[in-house]
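Colleague: Before I plan anything at the bench, could we go through this model together, one question at a time?

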Amino acid sequence: MRITRVELRTIALPLVAPFQTSLGTEYDKQALLVHVVTDDTYGWGECVASPEPVYSSEYLAGARDVITSFLLPALFAAPDVRAVDVARLLGHISGHRMAKAALEMAVLDAELRQSGVSLARHLGGVVDRVPSGVSVGIMDSLPELLDAVGGYLDQGYVRVKLKIEPGWDVDVVDAVRERFGDIALQVDANAAYTLADAHQLAKLDRYDLLLVEQPLAADDLRQHAELAHRLRTPICLDESVTSARSAADAISIGACRIINIKAGRVGGYLEAARIHDLARANGVAVWCGGMVETGLGRAANIALASLPGFSLPGDVSGSDRFFDEDITAPIRLRDGYVDVPTAAGTGAAPLDEVLERRTVGRHVVARPPGAPSREVSRR
Ligand code: OSB
Ligand code: MG
């Protein structure tokens with residue numbers, strides 16, 4: 001398809017409550033939405049980069065800049081763009097996977113809308129609903145955390161993930177186990193520990209956690225492998241896995257038994273599906289992570305989570321976990337599950353009125369007049 005125009009929208013949504021991790025505290029959600037318009041159709045993508053480069057080196061304003069300065073010119077230079085071509089067309093630009101993923105998502109959504117195929121079907125999804133887990137932030141006090149966890153369990157979430165950091169770990173897990181018993185429970189450190197903390201992390205072993213997510217730094221694959229020898233709790237990687245190649249490395253050196261797959265982190269839903277395939281072939285479990293997405297990314301994540309290797313509940317919560325008002329029709333939890341969208345494309349699109357009201361920045365890039373079209377290239 002020929003891209004004629006791309007609109008970048010920065011939106012801001014208040015969070016129902018601050019979300020604190022070892023990376024910092026978020027009070028509202030800022031997202032960069034990508035609207036790709038082609039000759040015949042349109043698609044929506046969501047960039048998961050946060051306002052600050054703390055989860056990874058990418059950040060929202062940087063993503064917006066690399067998209068307008070480098071990625072869109074590269075796409076406009078191609079006469080015809082298919083979703084499967086996007087990663088290659090952008091391959092000469094180093095890094096910026098979240099920015100690339102947002103563009104690929106928009107092109108893929110457009111393509112699938114036109115062909116009437118849902119993202120889940122396109123990727124090879126096998127179920128029509130997926131179990132929903134909830135990610136629970138660090139809080140000011142234990143009673144506050146226990147209240148929050150109790151509330152989520154009442155809503156039906158089938159798995160709880162607790163954010164941890166040094167000083168907020170073993171006692172917290174102990175209190176949650178004590179209060180709520182045998183729930184499906186896991187923890188996420190967002191790289192807050194070092195191998196010198198192995199002894200403290202090993203204290204988690206008595207709580208039968210499903211996994212400990214990204215205990216060490218993103219580039220410490222070897223040390224995760226070392227830590228794996230000292231823990232009974234399975235290690236899951238998030239930040240460390242940025243491509244199918246790094247997933248293969250992690251698996252081959254025994255750095256993880258489980259992978260959290262986030263499409264944005266790995267450059268798009270197509271690479272995410274490849275990591276799923278690779279993990280599955282190697283007996284490594286995967287689950288779908290989240291980046292506090294709006295309903296757009298949330299819908300696409302649910303589609304990804306419907307693939308057969310997603311054997312653990314994902315961070316695919318209902319919209320109301322984070323937002324009073326989502327920019328799309330809200331994703332809803334039903335009996336602890338969320339439905340896999342069946343409509344063409346990602347199955348979600350912003351509601352015009354809400355989108356307008358939540359937009360804090362808008363940037364339109366039109367196809368340059370001299371950009372090649374298919375006729376020219378086939379000369
Ligand atoms: O590490 O999984 C993470 C949010 C922002 C950055 C990193 C992470 C998270 C979450 C949110 O845990 C999970 C969700 O979107 O439900
Ligand atoms: Mg994580």
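**Ligand contacts and cysteines**

Modeller: This is a predicted model, and a good place to begin is ligand 1, where an oxygen atom lies 3.3 Å from a polar backbone atom of Met291.

Colleague: Which residue has a side-chain N or O atom 2.7 Å from an oxygen atom of ligand 1?
Modeller: Two backbone contacts can be set aside, since the question concerns a side chain: an oxygen atom of ligand 1 is 3.3 Å from a polar backbone atom of Met291, and an oxygen atom of ligand 1 is 2.8 Å from a polar backbone atom of Val292. The side-chain N or O atom at 2.7 Å from a ligand oxygen belongs to Asn190.

Colleague: How much of the accessible area of ligand 1 does the protein cover?
Modeller: Ligand 1 sits in the largest pocket, and 15 residues surround it, with Lys161, Asp188, Asn190, Lys262 and Val292 as the closest. Of the 390 Å² of accessible area that ligand 1 has on its own, the protein covers 97%.

Colleague: How many residues of the shell around ligand 1 are charged?
Modeller: The shell can be divided by class, with five nonpolar and three polar residues. The charged residues in that shell number seven.

Colleague: How many disulfides does a search of the whole structure find?
Modeller: A disulfide is a covalent bond between the sulfur atoms of two cysteines. Cys47 is buried, at 1% relative accessible area, and its sulfur cannot form such a bond because the closest cysteine sulfur, in Cys288, is 16 Å away. Cys236 is likewise in no disulfide, the nearest cysteine sulfur being that of Cys256 at 7.3 Å. Across the whole structure, the number of disulfides found is zero.

Colleague: Is Cys236 buried or exposed?
Modeller: The cut-off for calling a residue buried is a relative accessible area under 20%. Cys236 has a value of 0%, so Cys236 is buried.

How values were computed
Residues numbered from 1 in each chain as written. Chains lettered and ligands numbered in written order. Predicted model: local features only at pLDDT ≥ 70, side-chain atom pairs only at ≥ 80, totals over all residues. Heavy atoms only, no water. Near = heavy atom within 4 Å. Polar contact = N/O pair within 3.5 Å; in protein donor to acceptor, adjacent residues only side chain to side chain. Areas by Shrake-Rupley, 256 points an atom, 1.4 Å probe, with all protein chains shown as cover. 1 Å grid on protein atoms, 1.4 Å probe; cavity = no way out; pocket = protein on both sides within 12 Å on 5 of 7 lines; lining within 4 Å. Sits in = over half its atoms within 2 Å of the grid points. Nonpolar A, V, L, I, M, F, W, Y, C, P; charged D, E, K, R; others polar. Disulfide = S-S within 2.5 Å. Buried < 20%, exposed > 50% of the residue type's maximum accessible area, 1.4 Å probe, protein only.
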